[in-house]
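Good morning, colleagues. I would like to take a few minutes to walk through one structure with you. Please have a look at it before I continue.

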Amino acid sequence: MTSLRGLYAITDTPLLADGKLLPYAEAALIGGARLLQYRDKSTDAARRFDEAQALAELCQRHGATLIINDDLELAARLGAGLHLGQTDGSLATARTRLGADAVIGGTCHAQLELAERAANEGASYIAFGRFFNSNTKPGAPAATVELLDEARARFAQPIVAIGGVTLGTAPSLIARGASMVAVIHALFAADSALEVVDRARAFAALFD
Ligand SMILES: Cc1ncc(COP(=O)(O)OP(=O)(O)O)c(N)n1
Ligand SMILES: Cc1nc(C(=O)O)sc1CCOP(=O)(O)O
Ligand SMILES: [Mg+2]
């Protein structure tokens with residue numbers, strides 16, 4: 001059973017270009033990331049499969065869970081988890097296809113109604129954001145930390161907080177009930193894989 005608490009690392013193809021994807025992803029896993037999302041917006045199916053398969057092997061080696069962003073078919077091929085946004089397809093269909101044990105998450109922006117629907121459709125976690133200014137997705141709809149109080153009281157599903165999460169901003173989200181923090185820039189915009197290990201360790205320690 002996957003533990004849905006701790007650091008949720010998300011890859012970013014432009015940021016992890018030039019051979020950084022696998023070493024930086026492994027560094028995040030060494031540092032303690034529990035979920036690793038493969039987020040690649042390209043249409044290069046062959047590269048996407050190869051990269052996701054390599055990440056699946058890394059996750060298996062480090063006892064973490066791979067989540068595929070947007071792509072149910074790729075998740076099904078690899079036996080991985082899946083994250084779906086509001087325009088990425090049905091969570092209920094994904095649950096039927098991937099089975100009861102798969103980790104499937106849904107984007108809920110700042111709307112409790114979207115979380116209600118995601119929960120009813122079988123989401124393993126509900127993701128809210130963007131809580132702070134995001135380097136990766138500056139235009140994502142904004143959410144306030146107060147939303148987490150209400151979400152925590154209303155839903156049994158673990159809550160993922162995303163958007164501008166740093167070592168400085170994460171504690172306010174965890175204190176309000178976020179079970180996981182999903183991070184791109186503050187984890188992977190680093191000069192070396194060793195620096196990613198250190199950052200991941202520091203994020204993971206916030207959950208001790
Ligand atoms: C954990 C997590 N939360 C939210 C998102 C955003 O999903 P979406 O709104 O579909 O946007 P894209 O990531 O597909 O651009 C996410 N990927 N992961
Ligand atoms: C992919 C994504 N989704 C968001 C949402 O609010 O739904 S914010 C975001 C980007 C997260 O990257 P960073 O940690 O660099 O801000
Ligand atoms: Mg999406």
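In which loop is Asp-70 found? Asp-70 is found in the loop between strand 3 and helix 3. I should say at once that this is a predicted model, and my remarks should be heard accordingly.

Let me begin with the metal site. The magnesium ion, ligand 3, has as its protein donors Asp-70 (OD) and Asp-88 (OD), which lie 2.1 to 2.2 Å from the ion. This pair links distant parts of the chain, 18 residues apart: Asp-70 belongs to the loop between strand 3 (65–69) and helix 3 (72–78), while Asp-88 sits in the loop between strand 4 (81–84) and helix 4.

As to solvent exposure, Asp-70 counts as partly exposed because its relative accessibility is 24%. Asp-88 counts as partly exposed as well, because its relative accessibility is 26%.

What does Asp-70 touch, not counting residues up to four places away in sequence? The residues are Lys-41, Leu-82, His-83, Leu-84 and Asp-88.

I turn to the record. In an unreviewed entry, UniProt lists Asp-70 and Asp-88 under "binding site". These residues are spread over 19 residues of sequence, yet they cluster in space, with a largest C-alpha distance of 5.6 Å. The lining of the largest pocket includes both Asp-70 and Asp-88.

Next, helix 4. Arg-95 lies in this helix, which comprises residues 91–98. Is Arg-95 buried or exposed? Arg-95 is buried, and yet has no salt bridge. The nearest side chain of opposite charge is that of Asp-101, 7.1 Å away; a salt bridge would require a side-chain nitrogen within 4 Å of a carboxyl oxygen. Leaving aside neighbours within four places in sequence, Arg-95 is in contact with Ala-100, Asp-101, Ala-102, Ile-104, Glu-121, Gly-122, Ala-123 and Ser-124.

Finally, helix 1, which spans residues 21–30. Its buried residues are Leu-21, Tyr-24, Ala-25, Ala-27, Ala-28 and Leu-29. Against which elements do the buried residues of helix 1 pack? They pack against strand 1 (6–10), strand 2 (35–38), helix 2 (45–61), helix 8 (185–188) and helix 9 (193–205). Just after helix 1, Gly-32 takes a positive phi of about 120°.

Thank you for your attention.

Key
Residues are numbered from 1 along each chain as its sequence is written. Chains are lettered from A and ligands numbered from 1 in the order in which they are written. This is a predicted model: local features need pLDDT of at least 70, side-chain atom pairs count only at pLDDT 80 or more; totals for chains, interfaces and linings use all residues. Side-chain values use heavy atoms; hydrogens and water are left out. Helices (H or I, at least four residues) and strands (E, at least two) are DSSP runs, numbered from the N terminus. Buried means under 20% relative accessible area, exposed over 50%, partly exposed in between (1.4 Å probe, protein chains only). Lys and Arg count as positive and Asp and Glu as negative; His and the chain ends are not counted. Contact means heavy atoms within 4.5 Å. Donors are N, O and S atoms within 2.8 Å of the metal (3.2 Å for Na, K and Ca); water is not among the atoms, so sites may look incomplete. UniProt positions are given in the numbering used here, feature names are shortened, and annotations may be inferred rather than shown by experiment. On a 1 Å grid over the protein atoms alone, a cavity is a set of points where a 1.4 Å probe fits but cannot get out, and a pocket is an open set with protein on both sides within 12 Å along at least five of seven lines; lining residues have an atom within 4 Å of a point.
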